[in-house]
Amino acid sequence: MMRDLRIANELTAAIRREEINVHLQPKVDLNSGAIVSFEALARWFSTELGNISPDVFIPAAEKNGKIRMLEQHVLKRVLSWLKKRREHGLDLRQVAVNISTDHFFHHSFIPYLVDTAAEYGIEPEWLRLEITERIGFVDIETAYKVFKQLQNYGFTSSIDDFGTGYSSLSYLQKLPVHEIKIDRSFVSRMHEPATLAIVRTIVQLAGNLGMVAVAEGIETEEQRRMLIDAGCRYGQGFYFYRPMSLEEANLL
Ligand code: C2E
Ligand code: MG
Ligand code: MG
């Protein structure tokens, strides 16, 4: 708790000092390896505390009311990267930004998103919002309204870490969501027949609901093959690309 509090307290200054950066990891077509879009991932190298993993500072920020500020910073970094690409005559790529539960349900989430994208001159189609399934779709009515607004404005959305949230499947058909991300805990255990069956089922479910399945954490050629055989068309993972700096992503 003390560590989390210290980290969360450092965050505001860290953002001001430009210590929070964004790395991008490509999402690819599993067959051709072609890049279809990117996911933005927050990175923090602190002058005070050293290199801190997102698995540490994201939960700390969530617990201490700093997550919205952090994610707004990530969003701006992404928008500014897209804007610069456009100014340099490069083609735009869709970028997915992770949004935590508190942020997603915050009353100013959508207005802020719409205003900030407009400020940078970036159309909604270039942004995707990834919301973890662990959001706990308890308040399904409110969640539906937020997803619907995103859709109405032209943003696309994604359910992250699918399969880890233990939520009921019936909520899924109600949501205007474009993508389901198969959690990497399943991808890493596909050699187990039962896990492979789950992966196949998620891919089919996504297809039947008009959504796209994206597999996370692909590390081997064997996993790529198994996913293609399971009908999964898209994925991301170290096998293809590790998360990279914005400058490196420009070289792709
Ligand atoms: P995530 O959204 O599920 O992101 C994917 C994570 O898997 C990233 O970890 C990425 O580096 C890692 N990864 C990608 N390919 C592979 C692979 O082949 N093998 C393995 N072992 N890992 C792979 P990262 O960057 O450490 O982020 C961890 C989590 O932190 C993210 O999981 C996401 O939930 C959270 N996170 C990062 N940035 C943000 C943010 O701006 N907002 C929120 N709410 N969460 C964020
Ligand atoms: Mg994600
Ligand atoms: Mg994930």
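This report describes strand pairing, an internal cavity and a magnesium site in a predicted model.

## Strand pairing around S2

Strand S2, which covers residues 35-46, pairs with strand S1, residues 20-29, in the antiparallel sense through nine bridges. One pairing in this ladder sets Val28 against Ile35 of S2. The two strands form a hairpin with five residues between them, and Gly33 in the turn has a positive phi of about 80°.

S2 also pairs with strand S3, residues 50-52; these two run antiparallel and share three bridges. Here Phe45 stands opposite Asn51 of S3. S2 and S3 form a hairpin as well, with three residues between them. With strand S4, residues 95-99, S2 runs parallel, and three bridges join the two. Phe38 stands opposite Val95 of S4.

## The cavity

The structure contains one cavity of 30 Å³ or more. The space in the largest cavity amounts to about 40 Å³. Its lining consists of Glu71, Leu75, Val97, Ile99, His103, Phe109, Tyr112 and Leu113. By class, six of the lining residues are nonpolar, one is polar and one is charged.

Three elements each supply at least two residues of this lining: helix H3 (67-87), strand S4 and helix H5 (109-119). Helix H5 gives the most, with three residues.

## The magnesium site

The magnesium ion (ligand 2) is coordinated by four residues, at 2.1 to 2.3 Å: Glu39 through OE, Asn98 through OD1, Glu130 through OE and Asp160 through OD. Along the chain, the donors of this ion follow the spacing E-x58-N-x31-E-x29-D. A second magnesium ion (ligand 3) lies 4.1 Å from the magnesium ion (ligand 2), and Asp160 coordinates both.

Asn98 belongs to strand S4 and Asp160 to strand S6 (residues 156-162), so this pair ties together parts that are 62 residues apart in sequence. Are these two residues buried or exposed? Asn98 has a relative accessibility of 23% and therefore counts as partly exposed. Asp160, by contrast, counts as buried because its relative accessibility is 6%, and the limit for a buried residue is under 20%.

## Strand S4 in each part

Strand S4 appears in each of the parts described above. S4 pairs with S2 in the parallel sense, supplies at least two residues of the cavity lining, and holds Asn98, one of the residues that coordinate the magnesium ion (ligand 2).

Technical notes: Residues are numbered from 1 along each chain as its sequence is written. Chains are lettered from A and ligands numbered from 1 in the order in which they are written. This is a predicted model: local features need pLDDT of at least 70, side-chain atom pairs count only at pLDDT 80 or more; totals for chains, interfaces and linings use all residues. Side-chain values use heavy atoms; hydrogens and water are left out. Two strands pair if DSSP finds at least two bridges between them. Helices (H or I, at least four residues) and strands (E, at least two) are DSSP runs, numbered from the N terminus. On a 1 Å grid over the protein atoms alone, a cavity is a set of points where a 1.4 Å probe fits but cannot get out, and a pocket is an open set with protein on both sides within 12 Å along at least five of seven lines; lining residues have an atom within 4 Å of a point. Grid points are joined across faces, edges and corners, and a volume is the space filled by probe spheres set on the points. Ala, Val, Leu, Ile, Met, Phe, Trp, Tyr, Cys and Pro count as nonpolar, Asp, Glu, Lys and Arg as charged, and the others, Gly among them, as polar. Donors are N, O and S atoms within 2.8 Å of the metal (3.2 Å for Na, K and Ca); water is not among the atoms, so sites may look incomplete. Buried means under 20% relative accessible area, exposed over 50%, partly exposed in between (1.4 Å probe, protein chains only).
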